[in-house]
Amino acid sequence: RTCVVIDVLRATTTIVHALAAGASQVIPCLEVDEARRVAAEIGSSAVLGGERAGGKIAGFDLGNSPAEYTRSTVGGKTLVFTTTNGTRALARCKAAKQVLIGAFVNFSAICSELAAAESVALICGGTDGEVTREDALLAGAIVVELPRSESTTLNDQAELAADAWRTAVRFLTDRPLGMTLRDSRGGRNLIGIGHENDIDLAAQIDRLDLVPELDLAAWRI
């Protein structure tokens, strides 16, 4: 299948921002030691980024805040990246036909890319193995947006996500997406560690027009 990995708060949002800022590629790693080793092998053109428990990892150049990923910090560099949930979701897609990186910030670009796909799996990163509202909402928005034919089938998870998004959309005029994300588990976690501004960045629908893709053979985005 064509897989879309979703970790709105914050890994996939940050990856999109990093590439939009001119990072040459992103190498996702499962473990901190692995990331350090990969960065050391690459040398001076590598930037270490990521988080554990939401915070910047000791000795890393950057954390997991999209605002940190600018042309001055990652332009022309290889980002070696590890997070608690997002990079683990990527690791679950090794048997996919294609792996794309999705966030609200590149929502329309992702939907356009998926329009011709025969079979799609939306992989929500969640938190500690549990469903999170922010990821389910984006998955639902994608389900609602994609064209359907008489042969289109959705599983119950996709239907539930779509229902959640349709419900949220009815209130977006009075309650912006950023406020809705603040009430999610991921949003509350970020507020608790002082990264509330990241929620607003993650809620900027269609801010960026690019679709990051994971090269499964080379394992780089």
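A salt bridge is taken here as a side-chain nitrogen of Lys or Arg lying within 4 Å of a carboxyl oxygen of Asp or Glu, and by that criterion the structure, which is a predicted model, holds 10 salt bridges. One of these joins Glu130 to Arg185, with the closest N and O atoms 3.0 Å apart. Glu130 is situated in the loop between S7 and helix H6 (133-145), whereas Arg185 belongs to helix H9 (residues 185-192), so the pair ties together parts of the chain that are 55 residues apart in sequence. Both partners retain some solvent accessibility: Glu130 is partly exposed, with a relative accessible area of 49%, and Arg185 is likewise partly exposed, with a relative accessible area of 28%. The pair also takes part in a network of salt bridges in which Asp128, Glu130 and Arg185 are linked.

Two further salt bridges are formed within single helices. In helix H7 (residues 156-169), Arg166 and Asp163 are 3 residues apart, a separation of about one helical turn, and the closest N and O atoms of their salt bridge are 3.0 Å apart. Arg166 counts as partly exposed at 36% relative accessibility, and Asp163 counts as partly exposed at 41%. In helix H2, Arg37 and Glu41 lie 4 residues apart, again about one turn of the helix, and their salt bridge has its closest N and O atoms 3.2 Å apart. Arg37 is partly exposed at 45% relative accessibility, while Glu41, with a relative accessible area of 59%, is exposed. An α-helix has 3.6 residues a turn, so residues three or four places apart point the same way.

Helix H2 (residues 32-42) also presents a buried side, to which Val32, Ala35, Val38 and Ala39 belong as buried residues. When the helix is viewed down its axis, these buried residues fall within an arc of 125°, and they therefore line one face of H2. Strand S2 (25-28), strand S3 (46-52) and S5 are the elements against which the buried residues of H2 pack. On the face turned away from this buried side, the helix carries the exposed residues Asp33, Ala40 and Glu41, the last of which is the salt-bridge partner of Arg37. Just after H2, the backbone at Gly43 adopts a positive phi of about 95°.

The largest nonpolar core comprises 30 residues, of which Val99 and Ile221 touch the most other members. Two or more residues are given to this core by each of strand S1 (2-6), helix H1 (11-20), strand S5 (78-82), helix H4 (86-91), strand S6 (98-102) and strand S7 (120-124), and the largest share, 5 residues, comes from H1. When neighbours within four places in sequence are left aside, Ile221 is in contact with Ile15, Leu19, Gln25, Val26, Pro28, Leu90, Ile101, Pro212, Glu213 and Leu214. Apart from the largest core lies another core, of 25 residues, among them Phe107, Ile110, Ala141 and Ala161. In soluble globular proteins, nonpolar side chains tend to be buried together.

A buried polar residue is found in the loop between S5 and H4, where Thr83 is located, its relative accessible area being 1%. A polar atom of the Thr83 side chain lies 3.1 Å from the backbone nitrogen of Gly86. With neighbours within four places in sequence set aside, the contacts of Thr83 are with Ala11, Gly50, Glu51, Arg52 and Asn64.

A search of the whole structure for disulfides finds 0. Cys3 is in no disulfide, and the nearest cysteine sulfur, belonging to Cys93, is 4.3 Å away; because a disulfide is defined by cysteine sulfur atoms within 2.5 Å, a pair at that separation is not counted. Cys3 nevertheless counts as buried, at 8% relative accessibility. Cys111 is also in no disulfide, the nearest cysteine sulfur being that of Cys124 at 13 Å, and this residue too counts as buried, at 6% relative accessibility.

Methods: Residues numbered from 1 in each chain as written. Predicted model: local features only at pLDDT ≥ 70, side-chain atom pairs only at ≥ 80, totals over all residues. Heavy atoms only, no water. Core = buried A, V, L, I, M, F, W, Y, C linked by side-chain atoms within 4.5 Å. Buried < 20%, exposed > 50% of the residue type's maximum accessible area, 1.4 Å probe, protein only. Contact = heavy atoms within 4.5 Å. Arc of directions from axis to C-beta. Polar contact = N/O pair within 3.5 Å; in protein donor to acceptor, adjacent residues only side chain to side chain.
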